[in-house]
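The following exercises ask you to read a structure residue by residue, each with a solution that proceeds in steps. Please look through the sequence and the structure before you begin.

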Amino acid sequence: MSLNERKHLKIIIIGAVLLIGVFSASFIFAQQKSQKENKVTSFQYMKTLNSVFDFVEQNYVDEVDARVLYEGALKGMLDALGDPYTLYLDADYMRDLQDTTVGSFGGVGLSISKPTESTPEKPAYVEVASPIEDSPGAKAGIQAGDYIVAIEDRPTPEMTMSEVLGALRGEIGTPVTVTILRGKNMRFDVKLVRARIEVPTAKYGMISGTTIGYVRLIEFTRETPKRFQEAVDSFQKNGYTGMIIDLRDNPGGLIDSVVNVADKFIDKGVIVSTRSRLASENQVYSAGKDKTTIKNSVPVVVLINKGSASASEILSGFLKDYKLAYLVGERTYGKGSVQQVIPLSETDGIKITMARYYTPSDVNIDKIGIPPDKEVVNIQPFTKEQEESYVKMINSGLIEKAVEANPNMTEAQIKAKAKDIAAEFGIEERLVRRVIRNQVLRTQGSQLYDLDFDLQLKAALEVLNSGNYKTFVRRT
């Protein structure tokens with residue numbers, strides 16, 4: 001065969017392939033048009049998906065791992081719902097989830113979420129829902145509402161949630177550097193050393209010099225109702241006249257756990273209800289007389305902020321609706337949905353939103369949150385100049401060097417050093433004291449409370465000590 005004949009044959013073959021492609025495309029478009037005219041059934045969609053799966057697996061230019069197609073199809077299907085809480089759980093994610101459920105794991109101690117879609121206007125940064133008590137993230141001063149924009153210089157918008165978890169978790173004692181975006185312009189690096197993360201439940205004690213009990217519910221696990229009752233019993237032995245329940249930065253947890261805590265306050269009535277598409281899946285959680293342990297006469301103030309989510313919002317909404325407590329702080333996160341993890345195999349599964357929950361007053365707070373009765377902000381929004389000064393202070397390393405030179409700083413020494421640094425950078429001295437104190441506490445356990453810094457806690461004490469508690473609650 002001559003060179004010209006071979007070229008001619010090649011052109012014919014290419015033309016035939018193109019014709020087949022055009023014919024196939026025309027057939028698909030005709031089929032789609034026909035399906036639009038007649039309602040497409042779920043079976044037809046599944047049949048088409050199955051055909052595409054088989055075609056790609058057998059005809060793609062390179063050999064394809066069927067599992068890659070399987071995982072991609074599931075991820076795309078669940079991402080299409082636009083729900084950050086509904087997602088495919090690969091083997092790594094399932095293992096991380098199981099570690100968390102068991103109660104301990106190695107990592108940095110941050111409860112996080114990540115949007116499924118990233119745009120130039122709204123990049124899919126990792127958002128910190130709340131730091132876990134006594135974890136490397138909490139001790140480093142990372143706050144609810146902070147964004148992790150990069151991990152080891154890799155931008156998080158281009159990472160999947162599984163990749164983020166894999167990057168943050170690792171061998172205990174190893175470092176990882178995250179880039180934090182706080183507010184609009186405060187961007188700085190934080191070096192975290194991975195540690196064994198224990199999932200905590202509650203801490204409690206009496207406020208020094210008062211008859212007011214303070215209990216911080218850190219997360220709602222199976223142990224939380226028991227620990228909360230231990231706190232109440234301790235307060236009763238100390239003759240408490242009021243109680244502060246701190247739900248700030250509590251990311252939620254088990255619905256049965258929060259229901260059992262709420263049940264201690266009333267003899268009867270709805271605590272929370274969940275509603276699904278299926279009426280048979282709807283549930284109403286009500287109080288029982290045999291579980292009540294807290295007298296109505298005891299004044300209660302609840303502390304909330306934007307890190308209070310899910311189950312902690314159930315308790316806040318319940319206490320507010322029944323006028324059993326006065327809420328102080330900031331509007332809560334606004335997660336009013338219920339998820340269920342469904343294993344697909346021994347190594348993977350899906351997490352899917354199955355229902356939304358409603359407070360006793362029949363309100364769903366998803367994407368809305370619960371407003372406080374008295375709004376108090378611990379840190380006022382920074383001006384652009386203050387943001388720049390704060391970043392300069394963090395990046396200067398002055399605080400780390402000061403604490404490294406004197407790791408057992410007394411409160412007087414903290415105040416003296418804070419005064420100098422605050423003057424140098426033009427930052428509120430109270431905030432600098434807090435940052436230094438957190439640095440000192442990195443090698444120690446965290447404080448139960450911090451009255452020097454905590455304006456929200458001070459406001460709660462003012463309400464309880466005012467003598468007008470009933471008036472405050474009646475106004476809400």
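## Exercise 1: An aspartate in a loop

At 6% relative accessibility, Asp-450 counts as buried in this predicted model, since the cut-off for a buried residue is under 20% relative accessible area.

**Task.** Establish where Asp-450 lies and which residues it touches, leaving out residues up to four places away in sequence.

**Solution.** Begin with the chain: Asp-450 belongs to the loop between helix H13 (429-440) and helix H14 (455-465). Next, look for its partners, which, once residues up to four places away in sequence are set aside, are Arg-434 and Arg-437. Finally, take the backbone separation for one of these partners: Arg-437 is 13 residues from Asp-450 along the chain, and their C-alpha atoms are separated by 9.7 Å.

## Exercise 2: Two aromatic pairs

**Task.** Describe the geometry of the pair Tyr-70 and Tyr-88, and state which parts of the chain this pair ties together.

**Solution.** A pair of aromatic rings is described by the distance of the centres and the angle of the planes. A search of the whole structure gives ten aromatic pairs. For Tyr-70 and Tyr-88 the ring centres are 6.3 Å apart and the planes stand at 90°, so this pair is edge-to-face, the cut-off for that class being over 60 degrees. The next step is to place the two residues: Tyr-70 lies in helix H3 (residues 66-79) and Tyr-88 in strand E1 (residues 87-89), so the pair ties together parts that are 18 residues apart in sequence. As for accessibility, Tyr-70 is partly exposed with a relative accessible area of 29%, whereas Tyr-88, at 6% relative accessibility, counts as buried.

**Task.** Carry out the corresponding analysis for the aromatic pair of Tyr-326 and Phe-472.

**Solution.** Here the distance is 5.3 Å centre to centre with 55° between the planes, and the pair is tilted. Tyr-326 is in strand E16 (residues 326-329) and Phe-472 is in helix H15 (residues 469-475), so that the pair links distant parts of the chain, 146 residues apart. Tyr-326 counts as buried, with 6% relative accessibility.

## Exercise 3: Further ring contacts

**Task.** Which residues are linked into a cluster by ring pairs, and what is the distance from the ring centre of Tyr-358 for Arg-275, which lies over its face?

**Solution.** The cluster consists of Phe-188, Phe-382 and Tyr-390, linked by ring pairs. Turning to charges over rings, Arg-275 lies over the face of Tyr-358 at 4.0 Å from the ring centre, and Lys-335 lies over the face of Tyr-85 at 4.7 Å from the ring centre.

## Exercise 4: Positive phi outside glycine

**Task.** Locate Glu-152 and Asp-249, each of which has a positive phi although it is not a glycine.

**Solution.** Take Glu-152 to start with: its phi is about 50°, its place is in the loop between strand E5 (147-151) and strand E6 (154-155), and at 46% relative accessibility it counts as partly exposed. Then consider Asp-249, with a phi of about 60°, which is found in the loop between strand E12 (242-246) and helix H8 (255-262). Asp-249 counts as partly exposed, at 23% relative accessibility.

## Exercise 5: The buried face of a helix

**Task.** Find how the buried residues of helix H6 (residues 161-168) are arranged about its axis.

**Solution.** List them before turning to the axis: the buried residues of H6 are Met-161, Ser-162, Val-164, Leu-165 and Leu-168. Viewed down the axis of H6, these buried residues fall within an arc of 160°, so they line one face of the helix.

## Exercise 6: The whole chain and its confidence

**Task.** Summarise the chain, and say where pLDDT stays under 50.

**Solution.** The protein chain contains 15 helices and 19 strands, and buried residues make up 43% of its 476 residues. Among contacts with a separation of 6 or more, 66% are accounted for by residues 24 or more positions apart. The accessible surface comes to about 25,800 Å², and 54% of this belongs to carbon and sulfur atoms. For confidence, the average pLDDT of the protein chain is 87, and 88% of the residues score at least 70. The stretch in question is residues 1-30, where pLDDT stays under 50 and for which the model has two contacts beyond four places in sequence.

Key
Residues are numbered from 1 along each chain as its sequence is written. This is a predicted model: local features need pLDDT of at least 70, side-chain atom pairs count only at pLDDT 80 or more; totals for chains, interfaces and linings use all residues. Side-chain values use heavy atoms; hydrogens and water are left out. Buried means under 20% relative accessible area, exposed over 50%, partly exposed in between (1.4 Å probe, protein chains only). The arc is that of the directions from the helix axis to the C-beta atoms. Contact means heavy atoms within 4.5 Å. Accessible areas come from the Shrake-Rupley method with a 1.4 Å probe; for residues, only the protein chains shown count as cover. Rings of Phe, Tyr and Trp (its six-membered ring) pair if their centres lie within 6.5 Å; planes under 30 degrees apart count as stacked, over 60 as edge-to-face and the rest as tilted. A charge sits over a ring if NZ of Lys or CZ of Arg is within 6 Å of the ring centre and within 35 degrees of the ring normal. pLDDT is the predictor's confidence in each residue, from 0 to 100.
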